[in-house]
Amino acid sequence: MRAFHEMGSHLRLISQLYHESKRLSQEILRDITRDVAKRNTGRVTVATLPSLAATLLPSVIARMQATHPGIVVVIKDALAERALALLRAGEADLALTSAPPPDRELSFTPLFADRMVAVLPHRHPLSEAKRVQ
């Protein structure tokens with residue numbers, strides 16, 4: 001029962017992280033597209049992790065396009081290193097990815113801290129552990 005309760009707590013945390021990252025992503029896209037939005041036309045290219053491209057960005061983009069229908073948002077899903085390479089090469093306007101190593105050419109704004117959890121069958125010996133190392 002304790003493992004189920006802890007899993008529920010983890011699911012609530014994941015849900016909170018998702019909603020907070022969604023809100024921050026909307027703010028970032030709004031800021032990035034501000035100049036384009038003044039003309040209500042243009043293109044913004046976002047390099048992002050496949051998981052964000054599939055789950056988070058569709059609703060964020062739909063909201064933005066409802067208010068700025070002339071703006072085209074192009075998603076390039078890529079793993080972290082490739083997303084940064086697209087940004088450096090000028091093939092993306094912004095990247096949503098894991099924190100890059102220090103780089104003088106780039107600045108980044110943390111959106112949220114991701115917390116990983118171990119999911120185990122109830123009868124697994126580690127399911128009673130408070131911490132898995």
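## A first look

Is Glu91 buried, partly exposed or exposed? Glu91 counts as partly exposed, because its relative accessibility is 38% and the partly exposed class runs between 20% and 50%. We will come back to this residue when we reach the salt bridges. Please keep in mind that you are looking at a predicted model.

## Overall layout

The protein chain has 133 residues, and 28% of them are buried. Its secondary structure consists of five helices and three strands. Read from the N terminus, the elements follow the order α-α-β-α-α-β-α-β.

Two totals help to fill in the picture. The accessible surface of the chain is about 9400 Å², with carbon and sulfur atoms accounting for 56% of it. If you take the contacts between residues at least 6 apart in sequence, 70% of them join residues at least 24 apart.

## The nonpolar cores

In soluble globular proteins, nonpolar side chains tend to be buried together. Here, the largest nonpolar core has twelve residues: Val44, Val46, Leu52, Leu56, Leu57, Ile61, Met64, Ile71, Val73, Leu94, Leu96 and Leu111. Four elements supply two or more residues each, namely β1 (42–48), α4 (57–67), β2 (71–77) and β3. Helix α4 makes the largest contribution to this core, with three residues.

There is also a second core, separate from this one, with five residues. Among them are Ala47, Ala78, Ala83 and Ala92.

## Helix α5 and its buried side

Helix α5 spans residues 80–88, and its residues Ala83, Leu84 and Leu86 are buried. These three lie on the same side of α5, because the arc they cover around the axis is only 155 degrees. What lies over the buried residues of α5? The cover includes the three strands β1, β2 and β3. Ala83 is also one of the residues in the second core.

Just after α5 comes a backbone detail to look for: Gly90 has a positive phi of about 80 degrees.

## Two salt bridges

Side chains of opposite charge can pair when their charged atoms come close. In this model the count of salt bridges is two.

One of them links Lys76 and Glu91, whose closest N and O atoms are 4.0 Å apart. Lys76 sits in strand β2 and Glu91 in the loop between α5 and β3, so this pair ties together parts that are 15 residues apart in sequence. Lys76 is partly exposed, with 28% relative accessible area, and Glu91, from our opening question, is partly exposed at 38%.

The other salt bridge joins the side chains of Arg88 and Asp103, with an N to O distance of 2.3 Å. Arg88 belongs to helix α5 and Asp103 to the segment after β3, so here too the pair ties together parts that are 15 residues apart in sequence. Arg88 is partly exposed at 43% relative accessible area, and Asp103 is partly exposed at 22%.

## A nonpolar patch on the surface

Which residues make the nonpolar surface patch of about 220 Å²? They are Leu120, Leu126 and Val132. Val132 is found in the segment after β3 (94–96). With a relative accessibility of 45%, Val132 counts as partly exposed.

Key:
Residues are numbered from 1 along each chain as its sequence is written. Side-chain values use heavy atoms; hydrogens and water are left out. Patches are made of residues with over 30% relative accessible area and no salt bridge: like charges are joined within 9 Å, nonpolar side chains (Val, Leu, Ile, Met, Phe, Trp, Tyr) within 5 Å. Accessible areas come from the Shrake-Rupley method with a 1.4 Å probe; for residues, only the protein chains shown count as cover. Buried means under 20% relative accessible area, exposed over 50%, partly exposed in between (1.4 Å probe, protein chains only). A nonpolar core is a set of buried Ala, Val, Leu, Ile, Met, Phe, Trp, Tyr and Cys residues joined through side-chain atoms within 4.5 Å. Contact means heavy atoms within 4.5 Å. The arc is that of the directions from the helix axis to the C-beta atoms.
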